[in-house]
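Reader: I would like to walk through this structure with you, one question at a time. Could you help me see how its parts fit together?

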Amino acid sequence: MMQAGGAGGGGFMGATPSSQSPGGDKKDRINTLTPLSIFQLHAADSQDDSVVVDGRALGQVMVVGVIRDVEVKETKINMTIEDHTGSIDVTKWNDTDDDDSTASDTCREGMYVQVVGQVKKFHDKMSISAFALLPVLDSNQITTHLLNVLYTHLQFTKGPLDEAGKPLGAVGVPLYGGGVGGGGGGTFTPGGAAVGGDQYNRAAGAATTGGIGGTAVQNSVLDIIKSAMDDAGISVDAICDQLKGQFQAPEIREAIEWLSTEGHVYSTIDEDHFKSTDS
């Protein structure tokens, strides 16, 4: 899995001290880069002058989302970014060497972008002052960012695994929720256009369920297959009947394919009957 630390890994880097303050007290500068969902930012706490997520004060943050609104000015770019857990305002101040045409190409509505910057809170409203703004050219970047968000969140809420391989539990800020912005479709296409579907939400659902490490539908299908007493196992149609109203047939078939690939189930008398490898 991914390792926390450094811009590439998306996790926390060690804090390094800044220069001494005029009053003579040494103040530590938080030198971290943390991948986050926008929901986590809106749910963050404030302690002293810091924004805190999962008990950790934030330095720089990284979010990936689609531009819903953008205004390019001579000195700065203002935009609203949405990642399907919420939306947030982002400001990127232009460098003197910035080309206005390049900024316009990078910041078009409907494009997916990676934002690295510092969180600001003013009048109880969160925003990001961006240091870097890069177009997302590969849908894998969205999935990788989401996995980094999950990994970092679990590292700081669950802690390392104990000797039995179980996490040392703790409670932190949820990753997703319906109370802050959210919604909106956005299947990624190269160039950043959001076209139908909801890739981010599907990835979020797939990554956050428990059980065997699969999704809710995968865990439900496996439970039904495990309960089958017949030597031939259970048919796909029978599984669909038992889960009717909960999941669609294509979802169930995809779940069976995943379970088979991962070695949790196997086909028996034909390609439509399955039995659990634990039976």
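Reader: How many bridges join strand β5 to β6?

Author: This is a predicted model, so let us read it as one. Strand β5 covers residues 50-53 and runs antiparallel to β6. One of the pairs to look for is Val53 with its bridge partner Arg56 in β6. The number of bridges joining β5 to β6 is two.

Reader: Which strands are the edge strands of the open sheet that holds β5?

Author: The order of this three-stranded open sheet is β4-β5-β6, and its pairing is antiparallel. An edge strand here pairs on one side only. That description fits β4 (45-47) and β6 (56-57).

Reader: There is also a sheet with β12, β13 and β14. What is the order of its strands?

Author: Strands of a sheet pair through backbone hydrogen bonds, either parallel or antiparallel. In this open sheet of three strands the pairing is antiparallel. The edge strands, each pairing on one side only, are β12 (234-235) and β13 (265-267). The order is therefore β12-β14-β13.

Reader: How many bridges join β13 to β14, and how many residues lie between them?

Author: Strand β14 spans residues 273-276 and runs antiparallel to β13, with three bridges joining the two. One of the partners to find is Val265, which is bridged to Ser276 in β14. The two strands form a hairpin, and the number of residues between them is five.

Reader: On the side of β12, which residue of β14 is the bridge partner of Ser235?

Author: β12 and β14 run antiparallel and are joined by two bridges. Look along β14 for the partner of Ser235: this is His273.

Reader: Are the residues on the two faces of β14 buried or exposed?

Author: In a regular strand the side chains alternate between the two faces of the sheet. For β14, one side carries His273 and Lys275, and the other carries Phe274 and Ser276. Both faces are covered, and the four residues are all buried.

Reader: Which helix lies across β12, β13 and β14, and at what angle does it run to β14?

Author: Look for the helix made of residues 216-227. This is α6, and its angle to β14 is about 85°.

Reader: How do α6 and α8 cross: roughly parallel or roughly perpendicular?

Author: Two packed helices are described by the angle between their axes and the distance between the axes. The axes of α6 and α8 (residues 249-261) come within 9 Å and cross at roughly 75°. Angles of 65 to 115 degrees count as roughly perpendicular. The two helices are therefore roughly perpendicular to each other.

Reader: Which residues meet where α6 and α8 touch, and how many of them are nonpolar?

Author: From α6 come Val217, Gln218, Val221 and Leu222. They meet Glu251, Ile252, Ala255, Ile256, Trp258 and Leu259 in α8. One residue of this contact is polar and one is charged, while the nonpolar residues number eight.

Reader: Is Ala249 in α8 buried or partly exposed?

Author: Ala249 has its place in helix α8. In space, its C-alpha is 9.0 Å from that of Val236, although the two are 13 residues apart in sequence. Buried would need under 20% relative accessible area, and exposed over 50%. At 35% relative accessibility, Ala249 therefore counts as partly exposed.

Reader: His84 has a positive phi although it is not a glycine. Where is His84 found, and is it buried or exposed?

Author: The phi of His84 is about 75°. This residue is found in the loop between β8 (76-82) and β9 (87-93). Its relative accessible area is 5%, and under 20% means buried. His84 is therefore buried.

Reader: His123 also has a positive phi. Is His123 buried or exposed?

Author: Phi of His123 is near 55°. The residue lies in the loop between β10 (112-122) and β11 (125-135). Its relative accessible area is 67%, so His123 is exposed.

Reader: To finish, how many helices and strands does the chain have, and what share of its residues count as buried?

Author: The chain has eight helices and 14 strands. Of its 279 residues, the share that count as buried is 39%.

Conventions
Residues numbered from 1 in each chain as written. Predicted model: local features only at pLDDT ≥ 70, side-chain atom pairs only at ≥ 80, totals over all residues. Heavy atoms only, no water. Buried < 20%, exposed > 50% of the residue type's maximum accessible area, 1.4 Å probe, protein only. Contact = heavy atoms within 4.5 Å. Axes fitted to C-alpha atoms, helices over the stretch in contact; angles between N-to-C directions. Parallel < 35°, antiparallel > 145°, perpendicular 65-115°, else oblique. Nonpolar A, V, L, I, M, F, W, Y, C, P; charged D, E, K, R; others polar.
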